[in-house]
Amino acid sequence: MSVSEDENQPLLTNGKYQVSKGTPNSKNINEPTSSFEQGMNHRENSCLILPCENQDAVKINLPSPEREEARLPSEICKTVIAFWFMFFNLVLNLTCLAIVHDRVPDRSKYPPLPDIFFGVFSSADWALDVSEIIIITSVWSSLLIIFFHRHRFIVLRRIFLIMGLLYFFRSITMFVTQVPVASITYYCSPKKNNTTPILIVKRVLHLLSGFGLSINGQHTFCGDYIYSGHTVILTMTYLVINEYTPRRCWILHWAFWCASVTGIFMVLLSRGHYTVDVVLAYFVTSRVFWIYHTLANNHFLKTAGPTNYFARLWWFHFFSYFERNVTGTVPRQYEWPLPLFRRCLRRILIM
Amino acid sequence: MMKEAGRTCKSVEIDCLSNGLIRRDMNGDLNDTEDIRITVPSFDKNEGKFPSEKWKTFVAFIFMFINLVLNLTCLSIVHERLPERTKYPPLPDIFFDLFPPSDWALDVSEGIIVVSVWSTLFMIFIHRHGFIILRRVFLIMGLLYFMRSVTMFVTQVPVASTTYYCSPKVNKTSAGLILGRVIHMLGGLGLSINGRHTYCGDYIYSGHTVILTMAYLVMHEYTPRRWCFIHWLMWVASVTGIFMVLLSRGHYTVDVIIAYFVTTRIFWIYHTLANNPILKNEESTNFLSNVWWFSLFLYFERNVNGVLPNQFQWPLQWPRRCFRSPHVS
């Protein structure tokens, strides 16, 4: 961009201005080269040249006047891949749990660790069921809402990828160090002296059938404390609903926030986790979610560069693969997803 | 870059760069006698893009100091809540299963920490924009200390080492006692090597890992790319220091992993915000503005425009004659 010699001074014109194709050294412009409307039809960059009182001109480069629409391809295939990525990490999680169950400190020797929440509130076994019911309700509600989202495959893909990352991180923290069981009443299956791969596989299948929840009686293996999976799910449902539903649905956002906080409180009340598990889970979930969405919604962060520190993340290439064809912010639009009855129902466009 | 028209003229809406339209003209609202005024910012290179703002650096130092004291206060308190060593042996840990303990390793780790920190401080000292870098380091360290206070305080894990000396607990804790402990530990700057860190319980997350990771990240960020030998050296030093901390059973493996994760994410979030002006606004696409310390960040970074160039100069009057003018990387 070329500027006049009088920097920081307003450039005054006589109201006429012209657009020409980019000629970097244009100065004295007395006759119009092309009308503004014609300039507008140029697909290449055009320039705005403003004649000044002293006959010098200021050239301001204008990019193409054509508005760029956000591209939001569904790419269902990528959503399926993201789902398998999440599933793989879920299985890894359960495998780690099946292994560490035999490494958990002996309950008879290790009482629960000192914890600030446990010192303030006495334990309540029923609270875990309340928490898991809240989880089930939140998850199904979120899935239903996403089902009606116009760009449901993109949203789902993002959820799967983020959950996969969170499950992976959790596998690591769970595996490296084992803390004692936090509850004195929770049932943990007996340990085995001899752990074989077959045993691990059986345990994983057993746990898979219960989706990691205790409420259906399938989660009887202990040791998955750092960090709290319950907190991850509750935090994620709130963040997803807050992000992908219209801003004016503040009642919905408020309801999910209350549900998440209550669910997390209940997990602690039931001694399902230590407080540090919850704190770490909230931190990791929120940061990964915010980093991912900042990368996705700011095009200059989608490529590696000296000011893009997130390109150093190990999962940046995963992100690039899944998000490279998505340009712009995913709008909050909803529609009836099935072909049936679609003609009868208007497309609901909610912004 | 287009700017909005001045107020004294008929306002002309200049759309965003992706549009490039001047709407009023399309509607024929402008006539021959009206002016279009576009104010162009100064492009004078001499104008300070990187003001030192030493006062802010001092404020950042106070912020870090407060959080360091908070850290030590939490440690003084949780020392009393620590699980009894006779009842709670060290927890199962994958690293402990693979490597036997070595008490000397903690001294090695802390020696590496001392050398790394002093090297980094020297680099900052000779950096042309040392005050800005120092401010950033203080702020990030303050945030990390604060978050460490929280995780340390809420849950206490058993002592990881069977040989490390922990001061006896007292039955009755008072404010005076806590204060005395804090002052005692302040004298040792949180290191065991000087014999002042005899209070136990500050496990999650590892402060040693935070310092070693930060030293590497700062050195890597604020030195020229071609100093790859220095970068490599700092990386090796950091990894060795962390390994030694684990070898000495100074921390559990999970403490180290969490510390690395938190330190790198905070550092990268901070620098991405600082080096991309568009992220200094609270917009719906800027999710990083949701971090609780975003307002703090804005206060410290709002006058810093652009990426800090890695330029060095000897800051003192003497013997500056012996050194060349600022070296531009």
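**Overall fold and a helix pair between chains A and B**

Chain A contains 10 helices and 3 strands. The model described here is a predicted one. Following chain A along its sequence gives the pattern β-α-β-β-α-α-α-α-α-α-α-α-α, and a reader may like to trace this order in the structure above.

Some overall values help to set the scene. Chain A has 351 residues, and 53% of them count as buried. The accessible surface of the chain amounts to about 17,300 Å², with carbon and sulfur atoms supplying 62% of that area. Contacts that span the sequence can also be followed: when contacts in chain A between residues at least 6 apart in sequence are considered, 78% of them join residues at least 24 apart.

A closer look can now be taken at one meeting point of the two chains. Helix 5 of chain A, covering residues 152–176, packs with helix 9 of chain B, covering residues 253–275. The axes of this pair lie 8 Å apart, at an angle of about 150°. Because angles over 145 degrees count as roughly antiparallel, helix 5 of chain A is roughly antiparallel to helix 9 of chain B. The crossing of these two helices is left-handed.

Which residues bring the pair together? On the side of chain A, helix 5 contributes Phe169(A), Ile172(A), Thr173(A) and Val176(A). These meet Thr253(B), Val254(B), Ile257(B) and Phe261(B) from helix 9 of chain B. Sorted by character, the residues of this contact comprise 6 nonpolar and 2 polar ones, with no charged residue among them.

Terms used:
Residues numbered from 1 in each chain as written. Chains lettered and ligands numbered in written order. Predicted model: local features only at pLDDT ≥ 70, side-chain atom pairs only at ≥ 80, totals over all residues. Heavy atoms only, no water. Helix = DSSP H or I, 4+ residues; strand = E, 2+ residues; numbered from the N terminus. Buried < 20%, exposed > 50% of the residue type's maximum accessible area, 1.4 Å probe, protein only. Contact = heavy atoms within 4.5 Å. Areas by Shrake-Rupley, 256 points an atom, 1.4 Å probe, with all protein chains shown as cover. Axes fitted to C-alpha atoms, helices over the stretch in contact; angles between N-to-C directions. Parallel < 35°, antiparallel > 145°, perpendicular 65-115°, else oblique. Left-handed = near helix turned anticlockwise from the far one by under 90°. Nonpolar A, V, L, I, M, F, W, Y, C, P; charged D, E, K, R; others polar.
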